[in-house]
Amino acid sequence: MGANKAIKLAVIGRGLIGSAAARHLCKMGHDVALIGPNEPADLSRHSGVFGSHYDEGRITRRFDPEPFWVQMNCAAISRYDEISAESGVEFYREVGVLHVGPGESSDVASVGKITAEAGIPCEAYNDTGLAERFPYLGSTAGMQGYFEPRNAGYISPRRLVRAQTIAAERAGARIIDEPALGISESGSGVTIRTRSGSIEAERVLVAAGGHTQSLLGRSLGFTVYARTAALFRLGAAEVQRLAGMPSMRCIGPKGENPYILPPIPYPDGQTWLKLGGDPVDLPLESETHIKDWFQSGGSIQVADRLQTQILDRIRDLNFEERRVVPCMTTFGDTGLPCIGPLSERVAVAFGCYGKSAKCSDELGRLGGMALLGEVRAELAP
């Protein structure tokens with residue numbers, strides 16, 4: 001797209017939040033370009049930008065300890081069917097979510113309290129009740145579980161991005177399959193540099209995840225952290241034994257609080273059990289650090305620790321192969337994402353503490369509203 005073709009609104013970042021923002025803005029009748037590259041074929045050889053949605057499993061549920069995130073989750077989950085209908089892409093499985101931890105833990109007890117107050121249906125189990133309901137769990141002695149059976153389970157972030165992109169394109173968005181290399185603002189608009197030339201837009205929403213601050217050339221007070229997840233390939237017998245398994249949030253101190261996805265078919269034709277919960281905070285302070293991290297393939301030491309966790313949590317687990325997966329997440333100090341205007345023509349939507357996949361449609365909608373000049377006061381940068 002040449003420099004002479006101006007567009008009204010541009011969204012930089014074709015990940016979970018950016019693609020959602022483009023869909024919402026197009027449905028409101030705006031002229032939108034969605035800018036960002038496809039998933040790289042080989043992370044180890046890729047030299048461009050990276051995303052954390054290159055995966056098939058993220059937990060989705062309405063519960064969160066913070067009311068803001070409960071509201072985000074509920075709003076987004078209520079539109080899953082709409083997104084699938086508009087795109088023809090299925091991305092959600094309602095297998096439920098089990099929140100489980102030591103019975104004496106106040107964090108575990110708070111799940112029951114918050115779900116009751118928020119009107120989120122939840123089933124309570126302890127000790128032998130847990131073992132009977134979820135027979136593949138490891139030791140349940142002294143444990144308490146709360147099970148969200150509805151509007152909970154997992155999504156494929158990769159397929160959700162595809163669904164949002166297709167829906168946005170059908171609503172009129174122009175998809176530009178290139179990374180943005182930089183932006184510059186003037187009195188008349190914003191120039192976005194790409195490898196094949198410049199794009200002129202009246203206003204721009206930057207929703208580029210861990211790349212956002214470096215693209216803007218300024219810190220917004222958020223830190224990008226490296227994360228490692230582990231995938232365990234299962235044979236047919238284990239897939240059958242674990243049929244009906246929900247997503248799981250294991251509640252405990254850092255390093256002993258993994259999240260576990262049930263067996264999920266991946267694009268390689270194999271079925272994998274996924275485990276995350278990296279206890280190591282490794283800051284990625286530049287684009288070079290991000291690239292080096294994704295090309296490194298992640299931390300073997302963290303994967304070893306996650307493997308110990310999964311063998312403790314799932315009784316008699318028999319897996320055939322382990323895969324180590326690098327990821328990144330962005331944290332600030334407030335517990336809230338950074339969504340709002342930076343200037344008259346540039347807004348941002350990022351900084352989601354690893355919580356955004358399930359509620360990205362609502363965060364994208366808020367990002368789009370921020371670009372139009374409307375934003376919730378507590379979210380503004």
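Buried means a relative accessible area under 20%, exposed means over 50%, and partly exposed lies in between, with a 1.4 Å probe and protein chains only. This is a predicted model, in which local features need pLDDT of at least 70 and side-chain atom pairs count only at pLDDT 80 or more, while totals for chains, interfaces and linings use all residues. Residues are numbered from 1 along each chain as its sequence is written, and side-chain values use heavy atoms, with hydrogens and water left out.

**Exercise 1.** Find which residue forms a salt bridge with Asp 281, and state whether each partner is buried or exposed or partly exposed.

Solution. Begin with the term: a salt bridge is a side-chain nitrogen of Lys or Arg within 4 Å of a carboxyl oxygen of Asp or Glu. Side chains of opposite charge can pair when their charged atoms come close. The partner of Asp 281 is Arg 227, at 3.0 Å from N to O. This pair links distant parts of the chain, since Asp 281 is in the loop between strand E16 (271-276) and strand E17 (282-283) whereas Arg 227 is in strand E13 (residues 223-234), 54 residues apart. Helices (H or I, at least four residues) and strands (E, at least two) are DSSP runs, numbered from the N terminus. Asp 281 counts as partly exposed because its relative accessibility is 37%, and Arg 227 counts as buried because its value is 15%.

**Exercise 2.** Describe the salt bridge between Arg 322 and Asp 304, and place both residues in the chain.

Solution. The closest N and O atoms of Arg 322 and Asp 304 are 2.8 Å apart. Arg 322 lies in strand E18 (residues 321-331) and Asp 304 in helix H10 (residues 300-313), so the bridge ties together parts that are 18 residues apart in sequence. With a relative accessible area of 24%, Arg 322 is partly exposed, and Asp 304, at 38%, is also partly exposed. A search of the whole structure finds 26 salt bridges.

**Exercise 3.** Work out how far helix H1 reaches, and how many of its residues are buried.

Solution. Helix H1 (residues 16-27) has 12 residues, and from its first C-alpha to its last it reaches 17 Å, close to the 16 Å expected at 1.5 Å a residue; the expected span is 1.5 Å times one less than the number of residues. Of the 12 residues of H1, 11 are buried, so the helix is largely enclosed by the rest of the structure. Among them are Leu 16, Arg 23 and Cys 26. After H1 comes Gly 29, whose phi is positive, near 95°.

**Exercise 4.** Identify which residues Glu 362 touches, and name the network of salt bridges in which Glu 362 is linked.

Solution. Glu 362 is found in helix H11 (residues 356-371) and is buried, with a relative accessible area of 5%. Contact means heavy atoms within 4.5 Å. Leaving aside residues up to four places away in sequence, Glu 362 touches Met 72, Ala 75, Ala 76 and Arg 79. The network of salt bridges links Glu 362 with Arg 23, Lys 27, Arg 79, Glu 82, Glu 86, Asp 361 and Arg 365.

**Exercise 5.** Locate Pro 40 and decide whether Pro 40 is buried or exposed.

Solution. Pro 40 is found in the loop between strand E2 (32-35) and strand E3 (58-60). Its relative accessible area is 12%, and therefore Pro 40 is buried. Tyr 54 is 14 residues from Pro 40 in sequence and 9.0 Å away in space, C-alpha to C-alpha.
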